[in-house]
Amino acid sequence: MERKLTCIICPLGCELTVQVEDKKVLDIKGNTCPRGKVYAESECINPQRTITSTVRCNDGGLVAVKTDKPIPKDKMTECMAVINKAVATLPVSIGDVIVEDVFGSNIVATQNRK
Amino acid sequence: MYDITIIGAGVVGGMVARTLSKYKLKICILEGQNDVAMGATKANSAIVHAGFDAKEGSLKALLNVRGCKMMESVCSELGVSYKKNGSLVVGFDDNDRATLNELLARGITNGVEDLQLLEKEELKKLEPNLSDNVICALYAPTAGIVCPYTLAIQAIGNAMDNGAELKCNFEVSCIEKTENGYRISSDNESVDTRIVINCAGLYSDKIAGMIGDNSFDVHPRRGEYILLDKECGDTVACTIFRTPSKMGKGILVTPTVHGNLLLGPTSFDIEDKEDKDTTAEGFAKILGNTHETVSGVQLNKTITSFCGLRSVGSTGDFIINSPEKGFINAAGIESPGLTSAPAIAEYIADMLKDEGFELEANPEFNPTRKSYHAFGDASMEEQNEMIKANPAYGKIVCRCEGITEGEIVDAIRRNPQPHDLDGVKRRTRAQMGRCQGGFCGPYITELLSKELGIPYEGVTKFGGDSLVNVELTKGGQAQ
Amino acid sequence: MRDLVIIGGGPAGMSAAIAAYENGVKDILILERDESLGGILQQCIHNGFGLHKFGEELTGPEYAWKYEAKVRELGIECKLNTMVLDVSEDKVVTATNSEDGIFQIQAKAVILAMGCRERSKGALNIAGSRPAGIYSAGTAQKFVNMKGYLPGKNVVILGSGDIGLIMARRMTLEGAKVHAVCELMPYSGGLARNIEQCLNDFNIPLKLSHTIVKIHGKQRVEGVTIAKVDENRRPIKETEEYIACDTILFSVGLIPENELSKSANVELSGITSGAVVDQDRQTSVEGIFSCGNVLHVHDLVDYVSEEAEIAGKAAVEYINGNKDESVSIPVKTDGKIRYTVPQIITKKKDVSVYFRVSNIYKNVTVKVTDGENVLLSKKRVKVAPGEMESVTLKKEMLENAKELYFSLEEK
């Protein structure tokens, strides 16, 4: 089966053509760099996304967060549910883990807040 | 028990309230909306007409000319932006020239001073951007421009400074005759008053009907406008009208007192008194007409478009009368209603005297009011003094218009108090510039929430259900 | 008196300051209108920043922090909550804040780094009412990401610029339903990756060649009428379609904020709406430089930082009295290439020229000629208006150049 993908790894947005059979990638065309190849394979076998959002702080304000690794694409909604329930205790620095091990990734702060 | 209750807090109701607050009277102003100046007052051409349009002998003619003469001093007392920039009615052919000569003659009869018919060469000197097709024009140096909603806001604020009360969100549902006057009720509350003055704009026929006066109707006439960036404000110096025809006065091109350029209005009679939609046909008409009169209008500098509804009365003239003692109509106040407003107020005070009501001068009356732009208009030294006393004046909130937090908080705390984002906009001009509140909207929402003691997500654009935000994210607690 | 005053503490301003400091000018003042450094990056909490510059994928605040940390480490002075009111041609900067009041500073050099603003709904003359629920995408971004409020639950977005696409995803993740993204043009102005991960991931339809013809609702938005447009971008009546919604977001373009440049008498380009600059990002006014989105709208912050470094270094040379031989080589374009930055070359050295095209073109050759001489010829598989391109001109190529002409040759 042939699949058309747009690579999301960098702003170039290469248009990839992938041959997939039984969850196995046989051939990839259109990528300009090796990362495109990795993306295409992952996208066909186990698509993943990084989630960015905000977490409520204990002062009622917000701090921006992200998953420190991509999580399975079909877990985005569940991941958001975890993020929405979390409360960060101030102060928070970039990289601080707010929630551990959410679908194999940590929710980390991407902002400093006092 | 109030002596006077004014229904409608537009520019007419506002000027009436202010004029009557010169006397020892207990005054109440009722407004159906969340703020004052919400009807035709907030969306019109903002022109002070010289007075040559209206038919000789009409109330319109009388009050227009008188109002035009009063406007400068009224605005100066109330801290309202006003400029006597003059107007030109331009003609393209001999038919137009004949009409302009008629207007000239009518103007002279009406008592308009300094009218002149100018020829192409003189016109080019006065207005270099006039279209080459213009052959002559009627020049009225006494015409001007004014900020209509500030005039209403300041008039009402001034009346309140002098003791008048304002009730917003008071939508009148019935008026009953009482022993000493009237009881005016909304669905939730009532006020008792000796005298009612009906300044309810589009709904003034409905209000009059509540006491059985069905002698007139008022219908809405849609007027659409396009507003251009301040960069374009000097495209013309005067207000440029087209020669009037059966189709009305046509599309004008005018600078505003704030330095923008305003194009419009269209003129469509409609049925729905709440239909303030702009239309594709309207835009096309404005754009087409503008190019015929003025060249070099940069339409790509449009910052907003809007629609106002004029209150057109069924008699052709202003309907200012007293169907019974103690009840006065000021209805059908279409153009030149803004110009006439100060004179209408004076006229109504005289009517009350004629009806035998005692009007005793209030010795404490203070005619003046601080401008909403007092900080912006001050010198740098004065501004620095003000910042020292109140650091909020040093913080610019609206970048486009250069409006500070101090000015916004002042405006929220002053009478008549704004309760929504548009109310702050009309008073301070914050959100009125080229980004239309894109940057400062969220912060002004915060200031309103803090000053009014309402939750952030309870702040509205203009009252009612016009909520700015619908809910907190994450179901959590607010900042 | 200050050596260098930088107006704006966003990515451009911070990068210019660091470059200037590292090249020897220490007397620097950054004036920032917001309460923190970082500019618009603070509300761009999504990732995708910094791949080019740092080789890693960062969120907006993380990217900003890399620069802010450096600015702090170097001890470069910043005044926050400070709005610049005026810049004069002789480089007197007038600003205001709550602590100092209104103050003036004479600078030896000024770098303009004020960024850009969004084109508002008002500019579009869309028929209908003016209820609550109409926002620019960036304003909605501020409500959601900074204030923690959701401006609406059922959303239609006009314009497929990157902020519009990003907000489609953000609103969706926060629980809103985005019914459609309409784009007037037959192609999106946003990056392909954003269409993929912000729209396709959530099954949000992208309606190309569509616009909003009417807004409905008296108090709060109740719906929109959308329609397909013909090749002249005029709505086709028969294709009208009503979508019920309570919110409309506009992502219809960014405009460099050059009000201060105008006050300084800086010559502006009608195409970029930014200053006309040379390879050093010096404007028509000597000693006043311009960089970042106030100069021309970039699609990647990485390029903003890079451009600001050029301006920062050049400001140092200017302050120190550079004596290099000066020339004047205008850079012109054929229209298919909409504009270049710089628009003029005044020094014979290696110069990177950035440019944007006016349409989508496939299999083209970018040609740079000087009269009859072809100086450079580069093939491109695909170029699009949403993606900035660049070529580097070598010093040798400029040796006898009179006027450079950038053109696009289609096969």
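**Exercise 1. Work out how strands E22 and E24 of chain C pair, and where they sit in their sheet.**

Start with the pair itself. In this predicted model, strand E22 (residues 329–333) of chain C runs antiparallel to E24(C), and two bridges join them. Now pick a residue to anchor the register: Pro330(C) stands opposite Ile344(C) in E24(C).

Next, zoom out to the sheet. Five strands make up an open sheet in chain C, in the order E24-E22-E29-E26-E27, and the pairing is mixed. Strands E24 (344–345) and E27 (373–383) of chain C are the edge strands, since each pairs on one side only. As a reminder of what holds such a thing together, strands of a sheet pair through backbone hydrogen bonds, either parallel or antiparallel.

**Exercise 2. Describe how chain C is split into domains, and say how domains 1 and 2 meet.**

First, get the bounds. The domain assignment gives chain C a domain 1 (1–118 + 254–323), a domain 2 (120–252) and a domain 3 (326–411).

Second, check the spacing: the C-alpha centres of domain 1 and domain 2 of chain C are 31 Å apart.

Third, count the contacts. Five residues of domain 1 of chain C are in contact with 11 residues of domain 2 of chain C. On the domain 1 side, that gives one nonpolar, two polar and two charged residues.

**Exercise 3. Find the largest nonpolar core and look around one of its residues.**

The largest nonpolar core holds 175 residues. The residues with the most contacts inside this core are Ile7(C), Ala16(C), Ala17(C), Ile111(C), Ala113(C) and Ile248(C).

Take Ala16(C) as the test case. Leaving out residues up to four places away in sequence, Ala16(C) touches Ile6(C), Ile111(C), Ala113(C), Cys291(C), Ala308(C), Ala311(C) and Gly312(C). Another core, of 123 residues, lies apart from the largest one, and its members include Ile6(B), Leu30(B), Val48(B) and Ala341(B).

**Exercise 4. Describe the interface between chains B and C.**

Begin with the head count: 46 residues of chain B are in contact with 38 residues of chain C. Then ask which elements of chain B supply two or more residues to that side. They are helix H7 (280–293), strand E18 (302–313), helix H10 (380–389), helix H13 (441–452) and strand E23 (471–472). By class, the chain B side has 18 nonpolar, 18 polar and 10 charged residues.

Finally, follow E23(B) across to the other chain. E23(B) pairs antiparallel with strand E12 (residues 149–150) of chain C, over two bridges. Within that pairing, Leu472(B) has Tyr149(C) of E12(C) as its bridge partner.

**Exercise 5. Do the same for chains C and A.**

Here 20 residues of chain C are in contact with 20 residues of chain A. On the chain C side, the elements giving two or more residues are helix H3 (60–74) and helix H6 (192–199). H6(C) gives the most, with five residues. Sorting the chain C side by class gives nine nonpolar, six polar and five charged residues.

**Exercise 6. Decide whether chain A is a compact globule or more spread out.**

Step one is the inventory: chain A has two helices and 10 strands. From the N terminus on, they run β-β-β-α-β-β-β-β-α-β-β-β.

Step two is the radius of gyration. For 114 residues the globule rule gives 13 Å, but chain A has 17 Å, well over that, so chain A is more spread out than a compact globule.

Step three adds the remaining numbers. The C-alpha atoms fill a box of roughly 50 × 25 × 15 Å along the principal axes. Buried residues make up 39% of the 114 residues in chain A. Of the chain A contacts with a separation of 6 or more, 41% are between residues 24 or more positions apart.

**Exercise 7. Run the same check on chain B, then add its domains.**

Chain B has 13 helices and 23 strands. A compact globule of 479 residues would have a radius of gyration near 23 Å, and the 22 Å of chain B agrees with this. Its C-alpha trace spans about 65 × 55 × 45 Å along the principal axes. Of the 479 residues in chain B, 56% are buried. Among chain B contacts with a separation of 6 or more, 71% link residues 24 or more positions apart.

To finish, chain B is divided into domain 1 (83–144 + 219–313) and domain 2 (374–475). The C-alpha centres of these two chain B domains are separated by 32 Å.

Note on methods
Residues are numbered from 1 along each chain as its sequence is written. Chains are lettered from A and ligands numbered from 1 in the order in which they are written. This is a predicted model: local features need pLDDT of at least 70, side-chain atom pairs count only at pLDDT 80 or more; totals for chains, interfaces and linings use all residues. Helices (H or I, at least four residues) and strands (E, at least two) are DSSP runs, numbered from the N terminus. The radius of gyration is taken over C-alpha atoms; the globule rule is 2.2 Å times the number of residues to the power 0.38. A residue is buried if 20 or more other C-beta atoms lie within 10 Å of its own, exposed if 12 or fewer, and partly exposed in between; C-beta atoms are placed from the backbone. Two residues are in contact if their C-beta atoms, placed from the backbone, lie within 7 Å. Ala, Val, Leu, Ile, Met, Phe, Trp, Tyr, Cys and Pro count as nonpolar, Asp, Glu, Lys and Arg as charged, and the others, Gly among them, as polar. Two strands pair if DSSP finds at least two bridges between them. Domain bounds come from an automatic or database domain assignment. A nonpolar core is a set of buried Ala, Val, Leu, Ile, Met, Phe, Trp, Tyr and Cys residues joined through C-beta atoms within 7 Å.
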